[in-house]
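Student: I've got this one open in the viewer and I'd like to talk it through. Can we go piece by piece?

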Amino acid sequence: MNIEKKKPKPAEILENKKVGTDYYLMKLKTDNIDEKWTPGRFVHLKISTPQTYDPLLRRPFSLFDIDRKNNILSLLYCVVGRGTKIMSRLVSGEKLDFLGPLGQGFSLPEGKTILAVGGGMGTAPLFLLCRELAFQNSITLILGGNLCTDVEFFKHRFGELDIDIKIATMDGSCGYKGTAVDLMKKHLGVNKDSISKEPTSEQTISKNLNNKRTNDKKPNNKRTNNKQPNKKESNQKEKNNKESGSKEPNREESIIQEKKVKDAGFIEQKKKLDFLYTCGPEIMLSAVKKISDHFGIPGEVSLEERMGCGIGICLSCVCDTQNGNQRVCKEGPIFRLQEVIL
Amino acid sequence: MSNDELSIDHTAKNEPDLRVRLGPLQLKNPVLTASGTFGYGDEVRDFMDPNVLGAITVKGLTVEPTSGNKTPRIAETPAGMLNSIGLENPGLEKFIEEKIELLGEFSTEVLVNISGHSVEDFIILAERLAPFEEIAGLEVNVSCPNIDKGGMAFGTDPDLVYEITRKVKARYDGPVIVKLSPNVTDIVEMAQAADEGGADILSLINTLLGMAINVQKRETVLGNTMGGLSGPAVKPVALRMVYEVAEAIDLPLIGMGGIMNSEDALEFLLAGASAVSVGTANLIDPAASVNILEGIINYCYEQEIDDINSIIGALKG
């Protein structure tokens, strides 16, 4: 039996500093950061000193960044409770141990047009992802936060990468005034109110197929199949859509038409988009999922849940999916957007 | 298992004999895992070899598939944690179909924890699991709510503990372990009831019912309001209960409750447990049970103990 294998790995704190209003960055030196360390995976960190158990449980942290050459691991965290408060007071030279990397990482495509949407601290796992994908893909990142100070650190770090960054703040102090989802819709050229309560992705696909079939035969019935509550404008929009044919629409019409075309089962967004990545507050994830489902854009989400063991034994961190309960720590934290029920 | 496989001090003399006998159950050493903290044993293989342990106890099984409680299912408390997993498991038939064969691959003993919401559930579980040689014994969890009696836990009623034990025992030939709930005034009364019902072994303690509140949100921390407290915080209570039962009842005991290291485990052995189960510690370090076993072996060398049985219930004075 290999005794080394059983032990949680040691790590020495190289740096632990405040990098934003509530954000801290901890750099840890460990051994052998190999090819298993991929974006989206996490480490389960023991905050208490060796042989002590206060705080009792480990804390999961997504990989913010890794330096494979020097075996350095960077974790970004927010002080939200007792554990992270204790963590924020640790100084360089102190030693911690961790389990990991754990869980499933993001898919890593090549040659794709990618949109990543991060809300607040949820943006953390997207940095390593974008850094590793930026060379072979075209990436747009939408960064959302309440205030400018929430996004400042990310803006600075993501600025190192060859990606397009768009910022949304609730107070408008940086970038677009509104939520990351509002900005996402704007980026995609989606009518802000056009996406509301949506069925799950599989239902959407079948609905779209039905719509398409119905439209081919008798376009007048479209509305009965299309459950989109388009409010007062819907009649006019439908008319435009049906009549527009191949004519080049103006900007407003284009948005309307695109949506309608998509409703009919075609994916022909103004912005071509192959893949979505997202992480952040659940309300944001839910809205991103709706958009993803609506347009049939595949994507992945990084979920968070209170964890016990981090290795799939305690069943504390389950989430609801189309395949029943799944463990965030084991089958996740990265899930297909289409699969999760948010 | 050879002690060469473990990280121990070989400078001392005789290799200690770690074998313990719990009634009909013979184990190669006294370190086990507690149900619900070790999955089905395969999840931890990257971190340790379950086969070095005396036995493993797998996740609680119910007749029907159970999806469990809503999240958050876990809350950290001072020196402890609350959990309200809600017995999530694939159910009896799927367990038989998908898990039993894999459990048969372990060279160590596998105990299956069974839970029911009615006496009938326990009967079904015992009958259905009886033919499987892969299972070394059943651990009967009497701490879950009894739906027929308004949700009160079976384990708080000695008549029900007796009835369930007797009925499981009548249908299952192998060792029957009854896992006692600490949420009672008199643990000895419950232990006696299980003994009279024919239990071969008792395991104690299950978690202590507790809760936690987030004052900012004015909400309970657990999605299910209440949950079971485990971890170092419960160890003194567990130890006291093991001691009390060991003094009063002539049945082998498996002691558990907040065992984090070998010293904790040795306390339980000295209090009268013939074996110990490691629970919450597995969640913090999946190799905790192996480290505890190593620590016990080192203690035996240091204290020149040839046979682990010589320290069971061996408090001085």
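Tutor: Sure. One definition before we count anything: helices (H or I, at least four residues) and strands (E, at least two) are DSSP runs, numbered from the N terminus. And keep in mind that this is a predicted model.

Student: Okay, how many helices and strands are there in chain A?

Tutor: Chain A has 342 residues, and 44% of them are buried. Among its contacts between residues at least 6 apart in sequence, 64% join residues at least 24 apart. Counting the DSSP runs in chain A gives ten helices and 16 strands.

Student: And what share of the residues in chain B is buried?

Tutor: The secondary structure of chain B comes to nine helices and 18 strands. Of its contacts between residues at least 6 apart in sequence, 71% join residues at least 24 apart. Burial here takes 20 or more other C-beta atoms within 10 Å of a residue's own. Of the 317 residues in chain B, the buried share is 56%.

Student: What is the radius of gyration of chain B, set against a compact globule?

Tutor: Along the principal axes, the C-alpha atoms of chain B fill a box of roughly 60 × 50 × 45 Å. A compact globule with 317 residues would come out near 20 Å, so chain B agrees with that rule at 19 Å.

Student: How many residues of chain A are in contact with chain B?

Tutor: Chain B puts 34 residues into this contact. On the side of chain A that touches chain B, the classes are 13 nonpolar, four polar and seven charged residues. The count for chain A is 24 residues.

Student: Let's zoom in on chain A. How many residues of H10(A) are buried?

Tutor: H10(A) covers residues 282-295 and reaches 20 Å from its first C-alpha to its last, close to the 20 Å expected. Among its buried residues are Met284(A), Leu285(A), Ile291(A) and Phe295(A), along with the charged-looking names Lys289(A), Lys290(A) and Asp293(A). The helix is mostly covered, and the count is eleven of 14.

Student: Which residue follows H10(A), and with what phi?

Tutor: Look just past the end of H10(A), where there's a glycine with a positive phi. That is Gly296(A), near 65 degrees.

Student: Over to chain B. Which residue of S18(B) is the bridge partner of Met256(B)?

Tutor: S18(B) is residues 275-278, with Ala275(B) and Ser277(B) pointing one way, Val276(B) and Val278(B) the other, and all buried. S3(B) runs parallel to S18(B) over three bridges, with Leu32(B) opposite Ser277(B). S17(B) also runs parallel to S18(B) over three bridges. There, Met256(B) pairs with Ser277(B).

Student: What is the handedness of the crossover from S17(B) to S18(B)?

Tutor: The chain leaves S17(B), passes through H7(B) at residues 262-271, and arrives at S18(B). That makes a β-α-β crossover, and its hand is right-handed.

Student: Which elements do the buried residues of H7(B) pack against?

Tutor: Seven of the ten residues in H7(B) are buried, including Leu266(B), Phe268(B) and Leu269(B). Just after the helix, Gly272(B) takes a positive phi of about 125 degrees. The packing partners of those buried residues are S3, H6, S17, S18 and H9 of chain B.

Student: H6(B) shows up in that list. How far apart are its end C-alpha atoms?

Tutor: Among the buried residues of H6(B) are Leu239(B), Met241(B), Val242(B) and Tyr243(B). The buried residues pack against H5, S12, S17 and H7 of chain B. At 1.5 Å a residue, the 14 residues of H6(B) should span 20 Å, and the ends agree with that at 20 Å.

Student: Last one: in the hairpin of S5(B) and S6(B), which residue takes a positive phi?

Tutor: S5(B) and S6(B) pair antiparallel over four bridges, and Glu76(B) stands opposite Met81(B). S6(B) also pairs antiparallel with S16(B) over three bridges, where Asn83(B) has Gly228(B) as its bridge partner. Back in the hairpin, two residues lie between the strands, and the one with a positive phi, near 55 degrees, is Ala79(B).

Conventions
Residues are numbered from 1 along each chain as its sequence is written. Chains are lettered from A and ligands numbered from 1 in the order in which they are written. This is a predicted model: local features need pLDDT of at least 70, side-chain atom pairs count only at pLDDT 80 or more; totals for chains, interfaces and linings use all residues. The expected span of a helix is 1.5 Å times one less than its number of residues. A residue is buried if 20 or more other C-beta atoms lie within 10 Å of its own, exposed if 12 or fewer, and partly exposed in between; C-beta atoms are placed from the backbone. Two residues are in contact if their C-beta atoms, placed from the backbone, lie within 7 Å. Ala, Val, Leu, Ile, Met, Phe, Trp, Tyr, Cys and Pro count as nonpolar, Asp, Glu, Lys and Arg as charged, and the others, Gly among them, as polar. The radius of gyration is taken over C-alpha atoms; the globule rule is 2.2 Å times the number of residues to the power 0.38. Two strands pair if DSSP finds at least two bridges between them. A crossover is right-handed if, with the strands pointing away from the viewer, the path from the first strand over the helix to the second runs clockwise.
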